[in-house]
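Colleague: Please show me the model, and let us then discuss its backbone and its core.

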Amino acid sequence: MDSVRNFDVFMPTRIIFGVSRVAEIGKITKTFGKKALLITYKDTSGMEDTIEKTSDLLKEEGISVIRYSDVVPDPPTEIINQGANIVRKEDIDVLIGLGGGSAIDSAKAIGVVAVNGGDAWDYMACNPECKKFESAMPVIAVPTTSGTGSETTAVAVLTRKQIKSKGSIVNPAIFAKVAIIDPELSSTMPPSLTASTGIDAFGHAMEAFLSKRSTPYVERLSPEAMKLIWNNLPLAYADGSNMLARANMAWASTLGGMMLAQSGVIGVHALSQALGAHLNIPHGIGVAIATPLFLEYNRHESSKKYIQLAKELGIGEGLKDDDIVDEFIKQINDFLKKFGMPNDLKSYSHKINRQELIENAMFNAPLSLVNNPRELTIEDMAKMIDKII
Ligand SMILES: [Fe+2]
C-alpha cells in the first residue's frame, strides 16, 4: 500500500475444501441440529448419485432428512416462500443447499423467510420497501458447480416474476455457516456449464477488483482467482475429468465469491441479471456478453487496474501502458470467446423489449452500479445495450 487505507474484512463461512470431503457432511450437520432440509434442483439429471449419497451420509449420523427438490435456475420468490413453509411445518433445524448457485441461494433465502416471516420479496434490495433483518437459519452450502461463489457470499439472487425482475437479498446474516467444496462433485458438469459458471467466477474476481469498493485484501486475492481461471478453465472445459483443473476452478470460484462478498460486483452483473430476467440467458453467459461492454466503458477510470491485471495474467509484456490497456481488453474478450458462448443478443432479437431491458439493467441491481468505476446514466446503459441487440 502506498498510503493508509481503511477497510473491513468479514468472512464468517467455515470452508471445508478438498476431494471427497463431502463425506464429512453428516458430522458437520449434526452440530446444527437433528433435522435437515436438503434443497436441490427439480432437474436432478446427472446429480442423482450425489443427492442419494449426501442423503445417506446425513442419515448415517442420525439426521432426519426432508428433501425439497423444487428449485429451478434463478428461483422465483414463490419457491422460496414454499420452502419456508416446509421449514416451519417440519420444524427443520438446518438447511443444506446442494447444487449450483440457485440451490444454495434458495437455501439462504428460505432461511431468511423461515425466521423473519412474510414473503421473500420483502427482503430483496430492489424492493423500495426492502425490510431489514438480523438473523437467518444456518445454511450448509455444497456447490456442485464452480462459479457462482454463492457458498461464500452474503447474496441470494431470486426472480420476481410479477415485475420480470432478477434481484437479490443482500445481508451478512445469510453467509453460509459452512461451505463444503468438494471438486469431485463438479466433475460431471458438461463443458457448456463448466464454461458459463467458470466465466461467472472470473467476473466476480475481476469486478470486485475493479469495484470502487475494492480493498487491499481483494486486490491481492482477486488476481489469484483470475489467474487460476485463466489457466484452468480451458483445461476443465476440454477434459471434465481433469481433477486438478476442477480443484483449481473450485478454489477460484470460492475465492471469487469471497471477493464479491467484500467489494461487490460492477455494471457487468447488473446487465447480466437483466438478461437473465428478460431473456432467460444463463447468468454466466450474460456475464460473458456484458463484460466486453463494461471493460470498454470503464477503460479510462480503470486503466491502472487493467495494467495491474495484465501483468498478473502475463498480458502485454514490453508494451507501453496505453497499448497494455488495449491488449488487456482484447485478450479478455478473446478468452471469453474460447468457450462457444454468444457475444451479442442477435439470436434473441424477437424476444427483446428494449426499454424494459434498459430499465431493468439500470434499476434492479442498484448496488452493482454504485460500485461501477465510471458513473452510468440510463442513456449510457441504453447505448451499451444497443451495441448488442
Ligand atoms: Fe455472478
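Modeller: Asp91 is exposed, with 10 other C-beta atoms within 10 Å; C-beta atoms are placed from the backbone, and a residue counts as exposed at 12 or fewer such neighbours, buried at 20 or more, and partly exposed in between. This is a predicted model, in which local features need pLDDT of at least 70, side-chain atom pairs count only at pLDDT 80 or more, and totals for chains, interfaces and linings use all residues. Residues are numbered from 1 along each chain as its sequence is written.

Colleague: In which loop does Asp91 lie, and what is its phi?

Modeller: Helices (H or I, at least four residues) and strands (E, at least two) are DSSP runs, numbered from the N terminus. Asp91 lies in the loop between α3 (77-90) and β4 (94-99). Although Asp91 is not a glycine, its phi is positive, near 55 degrees.

Colleague: Is Asn280 buried or partly exposed?

Modeller: Asn280 belongs to the loop between α8 (267-279) and α9 (283-297), and has a positive phi of about 55 degrees. Because 13 other C-beta atoms lie within 10 Å, Asn280 is partly exposed.

Colleague: Between which domains does the largest nonpolar core lie?

Modeller: Such a core is a set of buried Ala, Val, Leu, Ile, Met, Phe, Trp, Tyr and Cys residues joined through C-beta atoms within 7 Å; the largest has 118 residues. Its largest share, eleven residues, comes from helix α7 (residues 243-263). Domain bounds come from an automatic or database domain assignment. Both domains give residues to this core, so it lies between domain 1 (14-186) and domain 2 (191-388).
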